[in-house]
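Here are my notes on the model you sent. Please read them with the structure open.

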Amino acid sequence: MKFSEPIACLNGQIVKASDLRLPVTDMGIVHGIAVTEMLRTFQGKLFEWEAHWDRFQNSAALTDIPLPEFDVLEIVQQMVEHNFQFIPEGNEMGVIISATPGPNRTYLGQTTEVEPTFFSHTFELPGELWADTTESGQHLAISSVPQISPRCVPPAAKVRSRMNWYLAERDVSKRYPGSRPIVLDEYGFVRETSTANLFAVRDGFVLTAPEETVLPGICRAITIRLLHKLGEEVRETNMTVDDLLQAQEIFTASTPYCLMGVSRLNSASAGLDFPGEITRALLEKWNEYVGIDIHEQLRRIAIGRQSNV
């Protein structure tokens, strides 16, 4: 079947994106039980699919959510290739894949067979969300809302439930308007932000939380490899708040923007070099890695999208 509008996937079937629906009885809605991945494209091609798919499979295994038996990559590629024609030239897409355990038995009863749910869709990458920070830097603040204990939810599982992150964002936005949260674990060690892995440069070393204590970010892994190519020493360690306060540079790694510097921590910018020497060199390596100027592209996308409003 040929479609004249964007498409999506629901349980292995191609549907119009406008028809993609989950029933209100699905566990992904009722309890927020779902595993997920967000990918992006570069020049219309999926970026780091294998790494994202491996993490998606691991998340499903850690949470005991069954995955589909059909070829997910084949469907996602078909979806991306088709949907790319509907976004402006020069723009990119975000891609979501998610799986839930399926319907909640409370609404269906004991005898009804329950099947897991899988869905995937795309969206135009909203470059305006990050365009300004490519030039002014991020404002991060330490939240009083802690990371969920790994004894409850494995940090390595990328899950759809975001209540703790929502509360952390509400917390810092009230005290430091315009900031995004950094969360600490139950022992007070620095872990990650609500959307990214965190790095700090202190006294000649690049510090980041141990992989087993945070979401193993795809861009985190690439960033560490690129830092090694630059000859920088990366220490995976239990960072403290003092490490952040004494840091010369702070930056984050996340799928939409790959790498982003921080210009302000809590209420102060004193002591932070933005963009710092390591941040600048690392961003150049990132640009070489993907083949374009990442931040320039985000700014260009933002201008294009705002002119169409």
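**Notes on the predicted model**

1. Start with Pro 275, which is found in the loop between E14 and H9. Keep in mind that this is a predicted model. The peptide bond between Phe 274 and Pro 275 is cis. Its omega is about -20°. Most peptide bonds are trans.

2. Pro 275 also turns up at a pocket, being one of the residues closest to the centre of the second largest one. That pocket has a volume of about 210 Å³. Its lining counts 15 residues. Alongside Pro 275, the residues closest to the centre are Thr 134, Arg 280, Leu 283 and His 295.

3. Which elements give two or more residues to this lining? They are helix H5 (128-136), strand E14 (260-265), helix H9 (277-290) and helix H10 (294-307). H9 supplies the largest share, with four residues. By class, the lining of the second largest pocket is mixed: six residues are polar, five are nonpolar and four are charged.

4. Now the other backbone point. Asn 11 is found in the loop between E1 and E2. Asn 11 is not a glycine, yet its phi is positive, at about 55°. Most residues other than glycine have a negative phi. Asn 11 belongs to the hairpin of E1 and E2, where two residues sit between the strands.

5. The hairpin strands themselves are E1 (residues 7-10) and E2 (residues 13-16). E1 and E2 run antiparallel and are joined by four bridges. Within this pairing, Cys 9 stands opposite Ile 14 of E2.

6. Where does the hairpin sit in the wider sheet? E1 and E2 belong to an open sheet of six strands, in the order E2-E1-E6-E5-E3-E4. The pairing is antiparallel. E2 is an edge strand, and so is E4 (45-46). Each of these two pairs on one side only.

7. Further into the strand order, E5 (residues 93-100) and E6 (residues 117-124) are joined by eight bridges. E5 and E6 run antiparallel. To check the register by eye, look at Ala 99: its bridge partner in E6 is Phe 118.

8. A helix covers part of this sheet. Helix H2 (residues 49-63) lies across E3 (35-42), E4, E5 and E6. H2 runs at about 175° to E3.

9. A salt bridge also ties H2 to E3. Glu 37 in strand E3 pairs with Arg 55 in helix H2. The closest N and O atoms of Glu 37 and Arg 55 are 2.7 Å apart. The two residues are 18 residues apart, and the pair links distant parts of the chain. Over the whole structure, a search finds 16 salt bridges.

Notes
Residues numbered from 1 in each chain as written. Predicted model: local features only at pLDDT ≥ 70, side-chain atom pairs only at ≥ 80, totals over all residues. Heavy atoms only, no water. 1 Å grid on protein atoms, 1.4 Å probe; cavity = no way out; pocket = protein on both sides within 12 Å on 5 of 7 lines; lining within 4 Å. Points joined across faces, edges and corners; volume = space filled by probe spheres on them. Nonpolar A, V, L, I, M, F, W, Y, C, P; charged D, E, K, R; others polar. Pairing = 2+ DSSP bridges. Contact = heavy atoms within 4.5 Å. Axes fitted to C-alpha atoms, helices over the stretch in contact; angles between N-to-C directions. Salt bridge = Lys/Arg side-chain N within 4 Å of Asp/Glu carboxyl O.
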